[in-house]
Amino acid sequence: MNSAEVRLQALSKHYHRVAAVDDVSLTIEPGSMVALLGPSGCGKTTCLRMIAGLVSPSSGDILVNSERITRVPVHKRNIGMLFQNYALFPHMTVSENIAFGLDMRGIGKADAVKRVGHALDLVRLADFGGRFPSQLSGGQQQRVALARALVIEPAVLLLDEPLGALDKGLRESMQVELRALQRRLGVTTVMVTHDQDEALTMADRIVVMRDGRLEQVGTATEIYQRPASKFVATFLGASNLFNGTVERRNGGETLVTTGAGLSLSVDGVAADARDVVVSVRPEAVVVNRLNGSSPPQNVPNTIVAEIEQVIYRGFISHYYLKLQDGQELIAYQQNQTRDVAAAYAQGEKVIVRWDRSSNHVIAKD
Amino acid sequence: MNRRLSGPGAWILYFITALLMVFILAPLAVVVAMSVSDSYFVSFPPQGFTLKWYGKILQDRDFLAALQLSGLLAFSTTMGSLLLGIPAAIALTRGRFPGQDLLKGLVLSPLIFPALVTGLALMQLLSAMGSGDARINLLIGHIVVTSPYVIRAVVTSLLLVDYNLEDAARTLGANRLKTFWRITLPQIAPGVAAGALFAFMVSFDNYPVTMWLANSEYSPVPLVLMRQLVNVFDPSVPAMSTVIIILAVVGVLILERLVGLRRAAAM
Ligand SMILES: Nc1ncnc2c1ncn2[C@@H]1O[C@H](COP(=O)(O)OP(=O)(O)O)[C@@H](O)[C@H]1O
Ligand SMILES: [Mg+2]
């Protein structure tokens, strides 16, 4: 399949002066899979529907392979779209559904039959061509919708919360299947999701959106390990956020102190920064017993905390902790022995520490 | 709905339903019974049994002409109100324009305004416009009366169609016309059929508007019936009515066969 590059240039959509999508610029590499991720109402669907041509932008441009398609009507765009509720035509059989796009393109009967058969094979539904959508399970309907969108060999594939209606187990296997298929066909794909796991599992690049704007664009690792804002840090997984003041600079190393008397050694603080926010992922935090010894003083990235609650989650436990000044702290730790989680008493003082490489300075709110 | 009613409450409900059916069907049964009465005036219960009144009306030229006129009128009215009503319903549900709600109210208005007044107004308007052909006037009048039924039925079923289906068709390469023809229309077929049936029936037995627009040359069935009723009240009147009832039932059965009216009634 020919892979297309998609470019959004300062794309905006206003509904009665309210911006649903606000000045979005983005380049989507040919053959890649990009996920628009963000909370409900942040403009993901509107973005996708503008690419499809179902919503006309208030301003900005959409380019496919450098060709401006902003004003091209939907039915001439050659874009495959998967709708959240599948939108299969209830009065047509599976084969007729898949053949619809070919029919609209004036493709001859014999050729169409061959292509429909191929598409059915692709989604492993070879024996289901004669059924009606109402006779299929949710997962099967999903695959028919996918076959219908792919059979027209679209320049771009758009997926709006593609797996939202499936139950958890099926959703996870479909994520893998969909991703494998997308790789194999090499079709440029934009998907919309509010599920961070889905975005992390499926996408080459993740676009985090908030209130119609782009918040951060990057690979899963970039976004998870180096969130650009508090919003991203807490939307994708959990984060411990510390408000601190830059204390001392010592070559490459900078010390940041927080209200609780915690000092953090961090890299990458702007030269003129005074107040900064540092994020630490819960899985980086190591919890240890005090064992009666006096707590270490002035050791960076180390502090005494009090156990509020420990929740056993199988191979890990979630530790809910509280610092001296009342700030809450979360730690995820792999369980080593069978009884370790039970061994901590509520209110017990523990020592928590983490590696300095886990400290990440957040640039904006 | 697949939940079944049960218990004493259910029996009360069944009883009320049965009572209602009797209430609706009894007058029709009385009409049919009177039409076979072997007497010179309409009487109930019927005296004896005869089919001679049917023989009589089937030779009555006025009645046959009226039947033909009414059939043709109802058919043309149905076509006309579908041609106007379906696009109007689409505009009202899918379009977006200022004053849409107001217009929706206005279009549905003849259901609210008394038909007698509508008829009078139409007669004055049409004669002011110099339209002298009673058949044209009747057609226009009936379309005015029936299109709201079509619009209402089609609007109701359009609101039930998932607009994602239309969007999906468009992304697959269908323009708006093809989308309507291949996707939307099959979805709203029961609604269109219900609207068409209403239009046909309403046109076929409309009296208050017809009365103003017909003339002695072109008199549809309801007028002929009324005239007969006033002149000689013999069992040929219930016989005519029975013929109309039979035609109506046949019409409903055909439609049920074609599109499943029960689906339409679920709206
Ligand atoms: N047709 C519309 N008319 C008015 N407001 C709309 C319309 N479509 C979307 N919006 C608004 O635009 C914002 C973004 O919506 P949407 O793109 O559906 O968000 P998401 O898909 O991220 O949940 C929401 O605040 C929504 O209420
Ligand atoms: Mg959405």
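A residue counts as buried when its relative accessible area is under 20%, and this cut-off will be needed at the first two stops of the tour, which runs through a predicted model.

Begin by selecting Cys47 of chain A, whose relative accessible area is 2%, so that Cys47(A) falls under the cut-off and is buried. Next, add Cys42(A) to the selection; with a relative accessibility of 3%, Cys42(A) counts as buried as well.

With both cysteines displayed, turn to their sulfur atoms. A disulfide is a covalent bond between the sulfur atoms of two cysteines, and here such a pair must lie within 2.5 Å. The cysteine sulfur closest to that of Cys47(A) belongs to Cys42(A), and because the distance is 8.8 Å, the two are too far apart for a bond. Cys42(A) is accordingly in no disulfide, and the count over all chains comes to zero.

Now leave the cysteines and select two helices of chain A: H2, which covers residues 94–104, and H3, which covers residues 109–122. Their axes come within 9 Å and cross at roughly 120°, which means that H2(A) is oblique to H3(A). If you follow how one helix passes the other, the crossing of H2(A) with H3(A) is right-handed.

Finally, show the side chains where these helices meet. On H2(A), select Val94(A), Ser95(A), Ile98(A), Ala99(A) and Leu102(A); on H3(A), select Ala112(A), Arg115(A), Val116(A), Ala119(A) and Leu120(A), which make the other side of the contact. Coloured by class, the contact of H2(A) with H3(A) shows eight nonpolar residues, one polar residue and one charged residue.

Key: Residues numbered from 1 in each chain as written. Chains lettered and ligands numbered in written order. Predicted model: local features only at pLDDT ≥ 70, side-chain atom pairs only at ≥ 80, totals over all residues. Heavy atoms only, no water. Axes fitted to C-alpha atoms, helices over the stretch in contact; angles between N-to-C directions. Helix = DSSP H or I, 4+ residues; strand = E, 2+ residues; numbered from the N terminus. Parallel < 35°, antiparallel > 145°, perpendicular 65-115°, else oblique. Left-handed = near helix turned anticlockwise from the far one by under 90°. Contact = heavy atoms within 4.5 Å. Nonpolar A, V, L, I, M, F, W, Y, C, P; charged D, E, K, R; others polar. Buried < 20%, exposed > 50% of the residue type's maximum accessible area, 1.4 Å probe, protein only.
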